Amino acid sequence: QPELMKTLSSLCLTFLIAGGLRAQINLDSGLVAHWELNNNAVDSSPNMHDGTVYGPVATSDRFGTDSSAYQFNGTSDYIHIPVLWATPPDALTWSAWFKVPTNHTEGKLIVHGDNGEFHMATDSNLITVGLHLGSDITTGWLYVQQKFQDNHWHFAAGRWESGQLLDLYFDGGVVVFIAAPAESMMDVGPLFQPTLGKHPYGNLS
C-alpha cells in the first residue's frame, strides 16, 4: 500500500497581544512564528523559532513554485519546532495552507503542548482546529471543524480569545465558531512535542 502524503505550505502562527478577537492583527507586534517552508523550516519572524526537518521533501506550493512547500509521508516525517512561549497566551491565531490526498488518515498540521496545548489536524475530509483548556487532562477540549475537498490546496485559520470565541476561517471566510470559556490553555508538559506535520510521543534522539 502506498504511503499517504500530505503537503504543507507557509504555516503561520500569530499571537494577539492587544485588542479583542475582532481587532485587526498587527503582525509587527504580534507575530510569534512564520514558517514559509521554502526548502527549510526557518522562522521568518524575529523570534528565531526555527524548526528542524526530519524527513519531508521540498515540493511545489499552490502557485506551482518549486521548493516552496513540504510533502510529508503521513507516518514518520515531521518538523520539530521549539516551545513558542514561556506562559500560555490568552488569545491566539494560527493558520496554514495545506493539501491532502484522497483516503488520507489523520494528520497533524501543527501540534503544540508544552506551555499551552493547541493543534490543527486533518482526519478523512475534516480540518479541525482546537485547544485544550483548563486543568483536567481528560476534558477541556474546545474545537471546531470544516469539511474540505481532497487533492486541493486550502487555507485554514483558527482564532481564539479566552472568554470570547473560537473561530475557524476556511478558504476566505468564517465558516464556524463556538463560544470559548474564560480559561487558559492547558500546559500538558513535554509529552506532546511541538511539531509540524506529525505528532510524535516521547523524546527525540
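Which residue of β15 does His80 stand opposite? In this predicted model, in which residues are numbered from 1 along each chain as its sequence is written, local features need pLDDT of at least 70, side-chain atom pairs count only at pLDDT 80 or more, and totals for chains, interfaces and linings use all residues. Side-chain values use heavy atoms, with hydrogens and water left out. The residue that stands opposite His80 in β15 is Thr195, and strand β6 (residues 78-80) is joined to β15 in the antiparallel sense by two bridges.

The protein chain contains one helix and 15 strands, where helices (H or I, at least four residues) and strands (E, at least two) are DSSP runs numbered from the N terminus. Of its 205 residues, 48% count as buried, a term that stands for under 20% relative accessible area, with exposed meaning over 50% and partly exposed lying in between (1.4 Å probe, protein chains only). About 9500 Å² of the protein chain is exposed, and 50% of this area is supplied by carbon and sulfur atoms; accessible areas come from the Shrake-Rupley method with a 1.4 Å probe, and for residues only the protein chains shown count as cover. Among contacts (heavy atoms within 4.5 Å) in the protein chain with a separation of 6 or more, 60% are accounted for by residues 24 or more positions apart.

An open sheet of seven strands, with antiparallel pairing, follows the order β3-β6-β15-β8-β9-β10-β11. Its edge strands, each of which pairs on one side only, are β3 (52-54) and β11 (141-147); two strands are taken to pair if DSSP finds at least two bridges between them. Within this sheet, six of the six residues of strand β8 (residues 107-112) are buried, so β8 is largely enclosed by the rest of the structure. Strand β8 runs antiparallel to strand β9 (residues 118-123), to which five bridges join it, and the two strands form a hairpin with five residues between them, where Asn115 in the turn has a positive phi of about 65°. Strand β8 also pairs with strand β15 (residues 195-196) in the antiparallel sense, over two bridges. Ile110 has Met120 as its bridge partner in β9, and Ile110 stands opposite Leu196 in β15.

Met120 recurs in the largest nonpolar core, a set of 35 residues in which Trp94, Met120 and Trp160 touch the most other members. Strand β7 (residues 91-99) gives the most to this core, contributing four residues. A nonpolar core is here a set of buried Ala, Val, Leu, Ile, Met, Phe, Trp, Tyr and Cys residues joined through side-chain atoms within 4.5 Å.

The structure holds one salt bridge, defined as a side-chain nitrogen of Lys or Arg within 4 Å of a carboxyl oxygen of Asp or Glu. This salt bridge links the side chains of Asp167 and Arg159 at 3.2 Å, N to O, and both Asp167 and Arg159 are buried.

His49 lies in the loop between β2 (31-35) and β3 and, at 11% relative accessibility, counts as buried. Apart from its neighbours within four places in sequence, His49 is in contact with Val32, Ala33, Trp35, Asp43, Pro82, Val83 and Leu84. The side chain of His49 reaches the backbone oxygen of Val32 at 3.1 Å. His49 and His34, 15 residues apart in sequence, are 8.5 Å apart in space, C-alpha to C-alpha.

Technical notes:
A polar contact is a pair of N or O atoms within 3.5 Å; within protein, one must be able to donate a hydrogen and the other to accept it, and residues adjacent in sequence count only if both atoms are side-chain atoms.
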